[in-house]
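Let's take a walk through a protein model together. Have the sequence and the 3D view open as you read, and look up each residue when it comes up.

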Amino acid sequence: MIIYCKKCGLPLTKNLEHYTGTSFGEADRQPFIQPGFYTISDGDYFTQSEGKTIINAEDLINVMNHTDKSRLIGCCGLDGLDGPNKICKNGHEVATEKSDCWMPRAIIFEEEKIIKK
């Protein structure tokens, strides 16, 4: 599966496989999910993420940090607490990076802003 920006059709990820396991990385500064895979959040770990697609940041393409610097808060990375902080190269909000030192690292997509094929 590849994830695309719903507004402009730009591909946002490499080709990903659905992770069917039940074990995720929950250690600080470690990947929540391994590269090459995606999962659909049940909302148990990342708050307000139920039903959203989660991937490893290494699988992103054509995505950059938000131009609104108030979305890029964190001490050692991005905490993602101030709204989506990732935009496609055409400027459309698509996801939230969680990468601060007190959490595992993950990209959480805004489902209404993407298409999965």
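Before we start, one term: a residue counts as buried when its relative accessible area is under 20%, as exposed when that area is over 50%, and as partly exposed in between. Keep in mind, too, that this is a predicted model.

**A strand on the inside**

With that term in hand, look at strand β7, residues 93–98. Five of its six residues are buried, so β7 is largely enclosed by the rest of the structure.

One residue to click on in β7 is T96. Is T96 buried or exposed? With a relative accessible area of 7%, T96 is buried, because that value is under the 20% cut-off. What does T96 touch, once you ignore neighbours within four places in sequence? Its contacts are G80, G83, P84, N85, A106, I107, I108 and E110.

**The sheet around it**

Now zoom out. Strand β7 belongs to an open sheet of seven strands, and the order across the sheet is β2-β3-β4-β8-β7-β6-β5. The pairing in this sheet is mixed. Which strands sit at the edges? They are β2 (17–18) and β5 (63–65), and each of them pairs on one side only.

Let's step through part of the sheet, starting from the β5 edge. β5 pairs with β6 (residues 86–88) in the antiparallel sense, over three bridges. Within that pair, V63 has C88 in β6 as its bridge partner.

Next, β6 pairs with β7, again antiparallel, with two bridges. Here K86 is matched with A95 in β7. These two strands form a hairpin with four residues between them, and in that hairpin G91 takes a positive phi near 90 degrees.

On to β8 (residues 106–109): β7 and β8 run antiparallel to each other and share four bridges. If you want a spot to find on screen, E97 stands opposite I107 in β8.

**Opposite charges meeting**

Side chains of opposite charge can pair when their charged atoms come close. How many salt bridges does this model have? The count comes to five. Here are three to look up:

| Salt bridge | N to O distance |
|---|---|
| E93 and R71 | 2.8 Å |
| E93 and K113 | 3.2 Å |
| K116 and E111 | 3.0 Å |

Salt bridges that share partners join R71, E93 and K113 into one network. Let's see what that network connects. E93 lies in strand β7 and R71 in the loop between β5 and β6, so their salt bridge ties together parts that are 22 residues apart in sequence. K113, for its part, is in the loop between β8 and β9 (114–116), so its bridge to E93 links parts 20 residues apart in sequence.

How open are these residues? R71 counts as buried, at 19% relative accessibility. E93 is partly exposed at 21%, and K113 is partly exposed at 27%. In the bridge between K116 and E111, K116 is partly exposed at 35%, and E111 is partly exposed at 23%.

**A glycine in a loop**

E111 also turns up in another place. G51, which is in the loop between β3 (37–40) and β4 (53–55), is in contact with I40, S41 and E111, leaving aside its neighbours within four places in sequence. G51 is partly exposed, with a relative accessible area of 36%. If you'd like a distance to try in your viewer, the C-alpha atoms of G51 and D82 are 19 Å apart, and these two residues are 31 places apart along the chain.

**Two pockets**

Rolling a probe the size of a water molecule over the atoms shows where empty space is left. The largest pocket holds about 190 Å³ of space. It is lined by 13 residues, and the closest to its centre are T47, Q48, G80, T96 and K98. So T96, the buried residue we met in β7, shows up again here. The lining consists of four nonpolar, six polar and three charged residues.

The second largest pocket has a volume of about 160 Å³. Which of its 13 lining residues are the closest to its centre? They are F24, F32, S41, D42 and Y45. This lining has six nonpolar, four polar and three charged residues.

Key
Residues numbered from 1 in each chain as written. Predicted model: local features only at pLDDT ≥ 70, side-chain atom pairs only at ≥ 80, totals over all residues. Heavy atoms only, no water. Pairing = 2+ DSSP bridges. Buried < 20%, exposed > 50% of the residue type's maximum accessible area, 1.4 Å probe, protein only. Contact = heavy atoms within 4.5 Å. 1 Å grid on protein atoms, 1.4 Å probe; cavity = no way out; pocket = protein on both sides within 12 Å on 5 of 7 lines; lining within 4 Å. Points joined across faces, edges and corners; volume = space filled by probe spheres on them. Nonpolar A, V, L, I, M, F, W, Y, C, P; charged D, E, K, R; others polar. Salt bridge = Lys/Arg side-chain N within 4 Å of Asp/Glu carboxyl O.
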